[in-house]
Amino acid sequence: MSSPSSSSLPSPATAEQTCPIRDVLDRIGDQWSLLILDALGTRLMRFNALHREIGDVSKQMLSRTLKRLEQDGFIARTLYPEVPPRVEYELTPLGRSFLVPMKSLVAWADANHAHICAARRDYERMAA
């Protein structure tokens, strides 16, 4: 019988199973992954520090997203055998390599957000 934490994670994809673009974008394009990767971009962090940094994510969702990012190789989790146990998260080389395209996407979103919002308002006016 598998442990509860491993059964809650999707099984790793193989190249034969899915489109690589869809597979990667589905995993990092969720609501929280980019925020976590951005937070870890400058330093390693403990769980509660990440939770405070991101703010409006539940602890359960943060934990689930961290596990998925670790499963995909974007982050590394280090458990220190102390009392109480200390766990730290940091970007792996793969995670650090993703910061370059991610920061370009974030900059594009910042530069174009007002235009997108205006287009949405125009669309709603025309649809009404």
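This is a short walk through one protein chain, from its overall layout down to a few individual residues.

Please keep in mind that the model is predicted.

Start with the layout. The chain has 6 helices and 3 strands. Reading from the N terminus, the order is α-α-α-β-α-α-β-β-α. There are 128 residues in the chain, and buried ones make up 23% of them. The exposed surface comes to about 9,100 Å². Carbon and sulfur atoms supply 59% of that surface. Now contacts. Take those between residues at least 6 apart in sequence: 48% of them join residues at least 24 apart.

Next, the core. In soluble globular proteins, nonpolar side chains tend to be buried together. Here the largest nonpolar core has 21 residues. Which of them touch the most other members? They are Ile36, Leu37, Leu40, Leu50 and Ile75. As for the elements, α3, α4, α5, β3 and α6 each supply at least two residues of this core.

Look at Leu40 from that list. Setting aside residues up to four places away in sequence, Leu40 touches Met45, Leu50, Ile75, Tyr89, Glu90 and Leu91. Two of those partners, Leu50 and Ile75, are also among the core residues I just named.

Leu50 takes us to helix α4, residues 47–54. Three residues of α4 are buried: Leu50, His51 and Ile54. Why do they line one face of the helix? Viewed down the axis of α4, the buried residues fall within an arc of 100°, so they share one face. What covers them? The cover includes α3 (33–39), β1 (45–46), α5 (59–71) and β3 (86–91).

Glu53 is also in α4. Buried or partly exposed? Glu53 is partly exposed, with a relative accessible area of 47%. Beyond residues up to four places away in sequence, Glu53 touches Ala39, Arg43 and Met45. Its C-alpha is 10.0 Å from that of Leu40, and the two are 13 residues apart along the chain. Just after α4 comes Gly55, with a positive phi of about 90°.

Now to Trp32. It sits in the loop between α2 (20–28) and α3. Trp32 is buried, at a relative accessible area of 11%. What does it touch, leaving out residues up to four places away in sequence? The partners are Ile54, Asp56, Val57, Met61 and Thr65. Ile54 we have met already, as one of the buried residues of α4. Trp32 and Leu66 are 34 residues apart in sequence, yet their C-alpha atoms are 9.3 Å apart in space.

The next residue along is Ser33, which lies in helix α3. Ser33 has a relative accessibility of 1%, so it counts as buried. Again not counting residues up to four places away in sequence, Ser33 touches Arg27, Ile28, Thr65 and Leu69.

Thr65 is a partner of Trp32 and of Ser33. It is found in helix α5. Thr65 is buried too, with a relative accessible area of 2%. Apart from neighbours within four places in sequence, Thr65 is in contact with Asp30, Trp32, Ser33 and Ile36. Ile36 brings us back to the core list.

On to the rings. How many aromatic pairs are there? The count is 1. The pair is Phe74 and Phe98. Their ring centres lie 5.7 Å apart and their planes meet at 75°, so the pair is edge-to-face. Phe74 is in the loop between α5 and β2 (75–80), while Phe98 is in helix α6 (residues 93–127), so the pair ties together parts that are 24 residues apart in sequence. Both phenylalanines are buried.

One more ring: Tyr80. The charged end of Arg86 sits over the ring of Tyr80, 3.8 Å from the ring centre.

Last, the backbone between β2 and β3. Pro84 is in that loop. What kind of peptide bond joins Val83 and Pro84? A cis bond, with omega at about -10°.

To recap, with the structure in view. The 21-residue core draws at least two residues from each of α3, α4, α5, β3 and α6. Helix α4 turns one face of buried residues to its cover. Thr65 in α5 is in contact with both Trp32 and Ser33. And Phe74 with Phe98 links the loop after α5 to helix α6.

Notes
Residues are numbered from 1 along each chain as its sequence is written. This is a predicted model: local features need pLDDT of at least 70, side-chain atom pairs count only at pLDDT 80 or more; totals for chains, interfaces and linings use all residues. Side-chain values use heavy atoms; hydrogens and water are left out. Buried means under 20% relative accessible area, exposed over 50%, partly exposed in between (1.4 Å probe, protein chains only). Helices (H or I, at least four residues) and strands (E, at least two) are DSSP runs, numbered from the N terminus. The arc is that of the directions from the helix axis to the C-beta atoms. Contact means heavy atoms within 4.5 Å. Accessible areas come from the Shrake-Rupley method with a 1.4 Å probe; for residues, only the protein chains shown count as cover. Rings of Phe, Tyr and Trp (its six-membered ring) pair if their centres lie within 6.5 Å; planes under 30 degrees apart count as stacked, over 60 as edge-to-face and the rest as tilted. A charge sits over a ring if NZ of Lys or CZ of Arg is within 6 Å of the ring centre and within 35 degrees of the ring normal. A nonpolar core is a set of buried Ala, Val, Leu, Ile, Met, Phe, Trp, Tyr and Cys residues joined through side-chain atoms within 4.5 Å.
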